[in-house]
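Reader: Please take one sheet in this model and go through it closely. Then set it against the rest of the chain.

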Amino acid sequence: MTRIGFAYNQKPDPVAAHDAAELARADEEPPSSGSALATLRAPANAISDDEFAEWDSPATIDAVAHALSRCGNVIRLEATDDFPQRLRDTRPDIVFNIAEGLRGPNRESHVPAICEFYGVPYTGSDPFTLALCLDKARTKEVLRARGVPTADWTLVRSRNDLRALTASTPALPLFAKPVHEGSSKGITERNYIASANAIEPVVLDLLERYEQPVIVERFLTGAEFTCGVLGNGASARVLPIVGINFGSLPEGALPIYGYEAKWLWDRPEAPLDIFSCPARIPESLRAGIEDVVLRAYDVLGCRDWSRIDVRLDAAGLPNIVEVNPLPGILPDAAENSCLPKAARAAGIDYDALIVACLRAGAERQEVSLDGSRS
Ligand SMILES: Nc1ncnc2c1ncn2[C@@H]1O[C@H](COP(=O)(O)OP(=O)(O)OP(=O)(O)O)[C@@H](O)[C@H]1O
Ligand SMILES: [Mg+2]
């Protein structure tokens, strides 16, 4: 029987998460509603309270383990301090990896790198791609170099860089983001820069609060989409495209799917109707979005699955906003989790989505899995 290791980081309970917030950072897609952590959140303390937002809940971990059990015996390998020893001792045939990691900008690479060290096959992207995609500026450099459209940007690491940016009188509006975060950490309406005077205070504030470089991008004014991708090489395919309904945001809100939309305005008692899937768009636009998404997936070296954000520029052309090679996978259909939602629209239920990723990884590495069991 196939032995499937399952690597994950489990979200601590909210109180422990709050106390331990200084210790760690994590990245993935947030639940849009129903999270115990969400009750801790408010704009003023957004930085420390969302440190564990990206780790997975026991419900997600159980759901993934259940799906994996269709293809073999599941060995849970929580990615805690003794993960390397437990991996070495158990030596599974393959590791299904959703571990977001604990520390630093390379945190998502740690589990795959340890698997490589011990020669254990694993699912998903390799340490290089995971680290690359967690650096929004370097990701854009690769995309730009390979001709995949992405908005113009400047990386600001210091006050000197900031002076140079303001002196260059860049085209407005701009949008600023911490370079190494996800789940809209540090991405609020305040990051929208409509006037030249606002560049300095907005960017300085982010530099100081997040203690990392800030990427300042041309703001893409068109419609936004997010796309799930499954598979590899010629068989990589884009799942039905998810459209972001900015019209569902509160009156007067900016068209940004950021912190407020993900964590404050989308509540269990009043969920936002934020996604349409499949997005209602013309066939030619669908083909254009799929083309840039698959090119981004390819040039960044994504494997098995990913979720890729796209936004149209003023000319209506799709640009890559960012790439998530460790996509959020909340099992509850009532929660706004894009990849499972896109899979469902393609007739792929939750278990089948997890198994599709596992099979893609197993095929790549010539690992044989047990047949589908219910
Ligand atoms: N250059 C841009 N132009 C217009 N809107 C942008 C731009 N960059 C980011 N946004 C808005 O901000 C949102 C969050 O940005 P981004 O996707 O980079 O952050 P994230 O925190 O990594 O997201 P995720 O939760 O998907 O991991 C986007 O979904 C989009 O609405
Ligand atoms: Mg995003």
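Author: A definition comes first: two strands count as paired if DSSP finds at least two bridges between them. The model is a predicted one.

Now the sheet. It is open and has three strands. Their order is β2-β1-β3, and the pairing is parallel. Two strands sit at the edges: β2, residues 73–78, and β3, residues 94–97. Each of these edge strands pairs on one side only. Between neighbouring strands of the sheet the average turn is 30°, with direction ignored.

Look at the pairing of β1 with β3. Strand β1 covers residues 3–8. Four bridges join β1 to β3, and the two run parallel. One position to find is glycine 5, which stands opposite valine 95 in β3. As a general point, side chains in a regular strand alternate between the two faces of the sheet.

Helices come next. Helix α3, residues 58–68, lies across β1, β2 and β3. The direction of α3 is at about 165° to β1. Helix α4, residues 83–90, also packs on the sheet. It touches β1 and β2, and its direction makes about 160° with that of β2.

There is a link to the other end of the numbering. Serine 368 is found in the segment after α13, which spans 350–364. Serine 368 and glycine 72 are 296 residues apart in sequence, yet their C-alpha atoms are 9.9 Å apart in space. Serine 368 is exposed, because it has 12 other C-beta atoms within 10 Å, and a residue is exposed if 12 or fewer such atoms lie within that distance.

For contrast, take a second pair of strands, β12 and β13. Here the strands run antiparallel, and six bridges join them. Arginine 311 has asparagine 319, in β13, as its bridge partner. The two strands form a hairpin with five residues between them. In that hairpin, glycine 316 takes a positive phi near 85°. Strand β13 is mostly covered, with seven of its seven residues buried.

This pair also reaches the ligand. Around ligand 1 there are 21 residues, and the closest are Gly182, Ser184, Glu217, Leu220 and Tyr257. Three elements give two or more residues to this shell: β5 (174–178), β12 (305–312) and β13 (318–324). The largest share, three residues, comes from β13. By type, the shell divides into eight nonpolar, five polar and eight charged residues. Domain 2 (152–218) and domain 3 (224–364) both give residues to the shell, so ligand 1 lies between them.

One helix is a counterpoint to the covered strand. Helix α8 has nine residues, 159–167, and the number buried is zero, so α8 lies largely in the open. Just after α8, threonine 169 takes a positive phi of about 40°.

Last, the whole chain. It holds 13 helices and 13 strands. Buried residues make up 47% of its 374 residues. Among contacts with a separation of 6 or more, 74% come from residues 24 or more positions apart.

Key
Residues are numbered from 1 along each chain as its sequence is written. Chains are lettered from A and ligands numbered from 1 in the order in which they are written. This is a predicted model: local features need pLDDT of at least 70, side-chain atom pairs count only at pLDDT 80 or more; totals for chains, interfaces and linings use all residues. Axes are lines fitted to C-alpha atoms, for helices over the stretch in contact, and angles run from 0 to 180 degrees between N-to-C directions. Two residues are in contact if their C-beta atoms, placed from the backbone, lie within 7 Å. A residue is near a molecule or strand if its C-beta atom, placed from the backbone, lies within 6 Å of it. Ala, Val, Leu, Ile, Met, Phe, Trp, Tyr, Cys and Pro count as nonpolar, Asp, Glu, Lys and Arg as charged, and the others, Gly among them, as polar. Domain bounds come from an automatic or database domain assignment. A residue is buried if 20 or more other C-beta atoms lie within 10 Å of its own, exposed if 12 or fewer, and partly exposed in between; C-beta atoms are placed from the backbone.
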